[in-house]
Amino acid sequence: MKFEKKRANTKQNIPTASLPDIVFMLLLFFMVTTTLREVDVLVQYRLPEAKAIEKIENKRLVSYIWVGKDGRIQVNDSIVKLGDIQKIMYSKRVALPNVIVSLRIDKGSEMGIVTDIQQELRKASCLRINYSTLLKI
Amino acid sequence: MVQIKKRKLPEAEIPTSSMADISFLLLLFFLVSTVIDVDTGIGLVLPEYVPPEQQQFVPLSKDRLAALLINENGDVLLNNELISIPQISKTLKPRIESKIDLPANKKLVVSVKTDRKTSYNLFIQALDQVKQAYFDVRNEYALKHFGKRLIDIDDRSEEMKELKDKIPITISIAEPETVKK
């Protein structure tokens, strides 16, 4: 009589067939949730710092105005004159009624240019603004 | 009887073991190449534009108004008292607190006015202090009445509504002066 060792006859490998599906799902989630950076920033700026700041949750509402160290103003993809802001921002507001204008202004700027931009925005009735700042630690 | 053995076909299988690796690589690429920066900043709503000839003078009682003036040297005047920027929030807090129970048309209005030559950085620091004062008061109110910190309260809840009702943030950016040389 022959003795045979008792062995469980289950397979020993882990089923990995669904692993790619899971990873692809993760991948798709990331692709859907992220917004890609659209514009090249042509001006140099350093943001000021502040403590009591808020987050803008909905990125799709935001439109940016950059003001660089040298006082140049950028909207969308190009440098614009102060007088052009009203027209551009008004067309943005028509397309997106509750647009938030995020002002990314160099911290060394003077308030003169900031007030000028604000006046232009008021004329274009883009009233929700946000002074972009970094978090002061 | 002769049994004809059927020839066993080899099992057809696609090698999928590397699929996971490939998809992980793609995932990593996306994780690395995307910028997840949440926009942070100080929010504000500008007043509607009214042409100068249609502007109306609305009288505002002295105890409702906190006038904040910043000149180009960085000196700060709060209701004609010279203070430094870090003191703003401390000075404003009691004034905001004293008006919590008053009706909406009696709340404090903070008016910020700067020179054309004032540095933007100073303006932001001052605005930050004003917001800080409001947030502190809201936080204390929330702790006292709801037993929650301000950051734990949902933005759409009834509690937040009450907070916004009791302690509205009214910051007015003063109309720039046309000619001043």
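## A strand shared across the chain A–chain B interface

Strand β7 (residues 128–132) of chain A pairs with β1(B) in the antiparallel sense, over five bridges. The model is a predicted one. Within this pairing, A:N130 has B:G43 of β1(B) as its bridge partner.

**The mixed-chain sheet**

β1(B) also has a partner in β2(A): two bridges join them, and the strands run antiparallel. Here A:K55 stands opposite B:T40 in β1(B). The full sheet is open and has seven strands, in the order β2(A)-β1(B)-β7(A)-β6(A)-β3(A)-β4(A)-β5(A). Its pairing is mixed. At the edges are β2 (54–55) and β5 (78–80) of chain A, each of which pairs on one side only. Helix α3(B) packs on this sheet. The helix touches β2, β6 (100–105) and β7 of chain A, together with β1 of chain B. Its direction makes about 80 degrees with that of β1(B).

**The interface**

How many residues does each chain bring to the contact? Chain B gives 44 residues and chain A gives 51 residues. The area buried between the two chains is about 4,400 Å². Carbon and sulfur atoms give 61% of that area. Three residues, B:D39, B:L46 and B:Y120, supply 19% of the area that chain B buries against chain A, more than any other three residues.

Polar contacts between chain B and chain A number 14 residue pairs, both residues being at pLDDT 80 or more. On the chain B side, the elements that give two or more residues are α1 (17–33), β1 (40–45) and α3 (120–145). Helix α3(B) provides the largest share, ten residues. By class, the side of chain B that touches chain A holds 23 nonpolar, eleven polar and ten charged residues.

**Salt bridges**

A search of the whole structure finds five salt bridges over all chains. Two are found across the interface of chain B and chain A. They are listed here with the distance between their closest N and O atoms.

| Chain B residue | Chain A residue | Closest N and O atoms |
|---|---|---|
| B:R116 | A:D116 | 2.8 Å |
| B:K131 | A:E54 | 2.9 Å |

The B:K131 pair runs from helix α3 of chain B to strand β2 of chain A. Both of these elements also belong to the picture above: α3(B) packs on the seven-strand sheet and touches β2 of chain A.

**The sheet within chain B**

Chain B has an open sheet of five strands, in the order β4-β3-β2-β5-β6, with mixed pairing. Why is one side of β4 and of β6 left without a neighbour in the sheet? β4 (81–83) and β6 (171–173) of chain B stand at the edges, and each has a single partner strand, so one side of each is left without a neighbour. From one strand to the next, the twist averages 25 degrees.

Strand β5 (residues 109–114) of chain B and β6(B) run parallel, joined by three bridges. B:V110 has B:I171 in β6(B) as its bridge partner.

Two helices pack here. α2 (residues 88–97) of chain B lies across β2 (65–70), β3 (76–78), β4 and β5 of chain B. It runs at about 170 degrees to β2(B). α3(B) packs on the sheet as well, touching β2, β5 and β6 of chain B. The direction of α3(B) makes about 175 degrees with that of β5(B). Helix α3(B) thus touches strands of the five-strand sheet and strands of the seven-strand sheet.

Conventions: Residues numbered from 1 in each chain as written. Chains lettered and ligands numbered in written order. Predicted model: local features only at pLDDT ≥ 70, side-chain atom pairs only at ≥ 80, totals over all residues. Heavy atoms only, no water. Contact = heavy atoms within 4.5 Å. Buried area = accessible area lost by both parts, 1.4 Å probe. Salt bridge = Lys/Arg side-chain N within 4 Å of Asp/Glu carboxyl O. Polar contact = N/O pair within 3.5 Å; in protein donor to acceptor, adjacent residues only side chain to side chain. Helix = DSSP H or I, 4+ residues; strand = E, 2+ residues; numbered from the N terminus. Nonpolar A, V, L, I, M, F, W, Y, C, P; charged D, E, K, R; others polar. Pairing = 2+ DSSP bridges. Axes fitted to C-alpha atoms, helices over the stretch in contact; angles between N-to-C directions.
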